[in-house]
Amino acid sequence: LPRPLGPDPESETIPERTPADLEFSRLRFREFVYQEAAGPHQTLARLHELCRQWLRPEACSKEQILEMLVLEQFLGILPDRVRPWVVAQYPESCKKAASLVEGLTDVLEEPGEAAALKERVLEETGSGVWEGLESPAMALQRKLFPHV
């Protein structure tokens, strides 16, 4: 049988995403705002599209999708004193996030280390992240797309 022209669908690979790409896709889904003019059906279609861009069911296993959802929830429930720094590290797994929290907790228990850590976070991510004025994801989005 003759082969159809064009790329071979079986040889196409889906490119890996960076943690920043993943966070940006998650934010686009989570921060989508209902627009009455578009109507409920168009709004749901857009939400489905944004969710697929974030979770990529065509490229990720159920376990990977579950890991992303649990990681998002875990990061969201962290205490305020550790959340900004852990989120700013873009942990790629629940295990990595838990290790970051353990390490940070150990550091914060040492006298004088909390102030040094806060200063490092301020240098790396900007004051808005630490103060809670801007989420690390929003800071990243602002840096990636300054004109939007």
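These are my notebook entries on the helices, two of their packings and a few single residues of a predicted model.

**Entry 1. Overall make-up**

I began with the secondary structure, and I counted eight helices and zero strands in the protein. Read along the sequence, the pattern is α-α-α-α-α-α-α-α. I then looked up burial, and 28% of the 148 residues count as buried. For the surface, I noted that the protein exposes about 10600 Å². Carbon and sulfur atoms supply 57% of that exposed area. Last, I turned to contacts between residues at least 6 apart in sequence, of which 46% join residues at least 24 apart.

**Entry 2. H1 against H2**

How are H1 and H2 placed relative to each other? Two packed helices are described by the angle between their axes and the distance between the axes. I recorded an angle of about 160 degrees between helix H1 (residues 19–30) and helix H2 (residues 40–55), with the axes 8 Å apart. Angles over 145 degrees count as roughly antiparallel, so H1 is roughly antiparallel to H2. The crossing of the two helices is left-handed.

I listed the residues that make this contact. From H1 they are Leu22, Ser25, Arg26, Arg28, Phe29 and Arg30. From H2 they are Arg46, Leu47, Leu50, Cys51, Gln53 and Trp54. Sorted by class, the H1–H2 contact has six nonpolar, two polar and four charged residues.

I also looked up Glu49, which is found in helix H2. Its relative accessibility is 39%, so I entered Glu49 as partly exposed. Its C-alpha atom is separated by 8.6 Å from that of Phe29, a residue 20 positions away along the chain. Phe29 is one of the H1 residues in the contact with H2.

**Entry 3. H3 against H5**

Are H3 and H5 roughly parallel or roughly antiparallel? I recorded an angle of about 20 degrees between helix H3 (residues 62–77) and helix H5 (residues 94–109), and their axes are 9 Å apart. Angles under 35 degrees count as roughly parallel, and therefore H3 is roughly parallel to H5.

On the H3 side, I noted Glu67, Val70, Leu71, Phe74 and Leu75. These meet Cys94, Lys95, Ala97, Ala98 and Val101 in H5. By class, I recorded eight nonpolar, no polar and two charged residues for the H3–H5 contact.

I followed up Lys95, whose place is in helix H5. With a relative accessible area of 69%, Lys95 is exposed. Lys95 is also among the H5 residues that meet H3. I noted 9.0 Å between the C-alpha atoms of Lys95 and Leu71, which lie 24 residues apart along the chain.

**Entry 4. Backbone of two loop residues**

Most residues other than glycine have a negative phi. I looked up two residues with a positive value.

Arg56 has a phi near 45 degrees, a positive value in a residue other than glycine. I located Arg56 in the loop between H2 and H3. Is Arg56 buried or exposed? Its relative accessibility is 14%, and because buried means under 20%, I entered Arg56 as buried.

Tyr90 is not a glycine either, and its phi is positive at about 50 degrees. I located Tyr90 in the loop between helix H4 (83–88) and H5. At 23% relative accessibility, Tyr90 counts as partly exposed.

Methods:
Residues numbered from 1 in each chain as written. Predicted model: local features only at pLDDT ≥ 70, side-chain atom pairs only at ≥ 80, totals over all residues. Heavy atoms only, no water. Axes fitted to C-alpha atoms, helices over the stretch in contact; angles between N-to-C directions. Helix = DSSP H or I, 4+ residues; strand = E, 2+ residues; numbered from the N terminus. Parallel < 35°, antiparallel > 145°, perpendicular 65-115°, else oblique. Left-handed = near helix turned anticlockwise from the far one by under 90°. Contact = heavy atoms within 4.5 Å. Nonpolar A, V, L, I, M, F, W, Y, C, P; charged D, E, K, R; others polar. Buried < 20%, exposed > 50% of the residue type's maximum accessible area, 1.4 Å probe, protein only. Areas by Shrake-Rupley, 256 points an atom, 1.4 Å probe, with all protein chains shown as cover.
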